[in-house]
Amino acid sequence: MDNQKLKVAVVGGGVMGLYISWKLSEAGHEVSLFDKKKEDTLGKKCCSALVSERIKQFIPITNECIENKIFSCVINFPKRKIKLNFNPQHLALNRETLISILLDLNKKAGTRVILGQEIKKVPQGFDRIIGCDGAFSVIRRSLNLPDPKIKNGVQAYSLIKSSSNITETFTDSNIFGFCWKIPKGDKIEYGAIGNQTEVRKKVDKILEIQGVEKDSFSAAAVPCPKFSLFNAGLIFPKEKDITLCGDAMGLTKPWSGGGIIWGLHAADILIKTFPDFKNYKKEMVKFFKFKILKGQISNYLVQTIGKRFPILLPKELTYDNDFPSLKLLLKGKSDSL
């Protein structure tokens with residue numbers, strides 16, 4: 001990192017914004033973090049927070065943050081079930097506790113945390129500005145940059161206790177689209193990603209089939225990268241002093257819409273290349289270009305084969321849900337990953 005100490009604005013107090021602010025403050029930069037939410041609502045968001053144990057490489061997760069440990073996922077195709085044994089294993093986290101951990105780390109590192117203040121345009125008076133303000137990023141839109149492709153994600157909770165270590169997904173496109181079930185100890189989460197007009201109906205349908213009542217419901221926009229060879233489908237400002245990270249740049253996993261682990265890898269690239277945002281773009285494209293393409297292709301192939309030629313897929317295999325191997329998935333072989 002450059003030895004020059006800079007005045008930095010980070011817009012957005014989600015996982016990525018808080019992580020970047022914390023690390024840049026630790027490095028000695030004068031960091032101001034802005035978010036329109038107040039502290040008591042900062043961690044409340046429609047987000048499954050189901051992540052691999054890789055998160056421990058970035059954030060000091062405490063036991064009270066972990067609601068459940070997930071060892072595998074069962075994919076329910078119309079005529080076949082496939083069991084994916086996660087390597088690394090997954091953690092179902094309490095997002096509010098996760099945000100609280102990151103907020104405390106920022107306060108200890110000296111970040112100037114400004115909550116309850118909505119940013120409506122690019123902040124002035126800073127050497128560097130980083131937009132981590134979500135799918136409808138004010139920073140991105142203020143620069144007249146294109147929006148990423150948006151899908152809708154919804155989640156509902158049933159207050160049925162379950163400490164099962166297996167999550168499930170349901171992929172019958174005629175009924176579900178892409179839906180999931182995640183046991184979280186004192187409750188079970190059901191969710192779906194898809195078209196705005198249909199996605200809530202899909203969750204209601206799976207709840208009906210599972211025979212459970214929903215106790216709460218929430219929704220959020222899920223950005224999806226539009227792959228291109230030039231920029232990997234990610235959105236980068238042309239300005240040398242402004243950049244984006246996470247959902248604001250359209251970065252999520254193509255097969256699940258998950259953004260935390262990929263976003264933290266992106267945040268680390270930003271921190272390591274800071275304050276050179278041109279180099280940040282270069283390294284981001286280098287790291288994510290073929291991961292995004294491979295994820296889109298493998299997701300399409302697996303969904304198609306699973307629905308039309310399910311016999312070609314293995315019944316059980318070991319699987320890296322952050323950086324999967326298409327070859328491994330189709331051959332059904334275990335690997336160290």
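This report walks through the helices, a buried strand residue, the cysteines and the empty spaces of a predicted model.

Residues are numbered from 1 along each chain as its sequence is written, and side-chain values use heavy atoms, leaving out hydrogens and water. Because the model is predicted, local features need pLDDT of at least 70 and side-chain atom pairs count only at pLDDT 80 or more, while totals for chains, interfaces and linings use all residues.

**Two helices**

Let's start with α1 (15–26); helices here are DSSP runs of H or I with at least four residues, strands are runs of E with at least two, and both are numbered from the N terminus. Ten of the twelve residues of α1 are buried, so the rest of the structure largely encloses this helix. Buried means under 20% relative accessible area, exposed over 50%, and partly exposed in between, with a 1.4 Å probe and protein chains only. Among the buried residues of α1 are Met16, Leu18, Tyr19, Ile20 and Trp22. Their cover includes β1 (7–11), β2 (30–35), α2, β7 (128–131) and α5 (260–273). From first to last C-alpha, α1 reaches 17 Å, close to the 16 Å expected at 1.5 Å a residue; the expected span is 1.5 Å times one less than the number of residues. Gly28 follows α1 and has a positive phi, near 100°.

Helix α2 (residues 95–109) has 15 residues, and its end C-alpha atoms are 21 Å apart, in agreement with the expected 21 Å. Its buried residues are Arg95, Leu98, Ile99, Ile101, Leu102, Leu103, Leu105 and Asn106. They pack against α1, β5 (80–93) and β6 (112–115), where contact means heavy atoms within 4.5 Å.

**A buried strand residue**

Val154 lies in strand β8 and counts as buried at 3% relative accessibility. Leaving aside residues up to four places away in sequence, Val154 touches residues including Cys46, Trp180, Tyr190, Val199, Arg200 and Phe217. The C-alpha atoms of Val154 and Gly259 are 15 Å apart, with their positions 105 residues apart along the chain.

**Cysteines without partners**

Searching the whole structure turns up zero disulfides, a disulfide being a pair of cysteine sulfur atoms within 2.5 Å. Two cysteines illustrate this:

| Cysteine | Nearest cysteine sulfur | Distance |
|---|---|---|
| Cys73 | Cys179 | 13 Å |
| Cys132 | Cys245 | 5.1 Å |

Cys73 is buried, with a relative accessible area of 6%, and Cys132 also counts as buried, at 10%.

**Empty space**

The whole structure holds one cavity of 30 Å³ or more. On a 1 Å grid over the protein atoms alone, a cavity is a set of points where a 1.4 Å probe fits but cannot get out, a pocket is an open set with protein on both sides within 12 Å along at least five of seven lines, and lining residues have an atom within 4 Å of a point. Grid points are joined across faces, edges and corners, and a volume is the space filled by probe spheres set on the points.

The largest cavity encloses about 50 Å³. Its lining includes Trp255, Trp262, Lys291 and Phe323, and helix α6 (residues 277–308) gives the most, with four residues.

The second largest pocket has a volume of about 640 Å³. Of its 25 lining residues, Lys151, Phe178, Pro254, Asn299 and Gln303 are the closest to the centre. Here too α6 supplies the largest share, seven residues.
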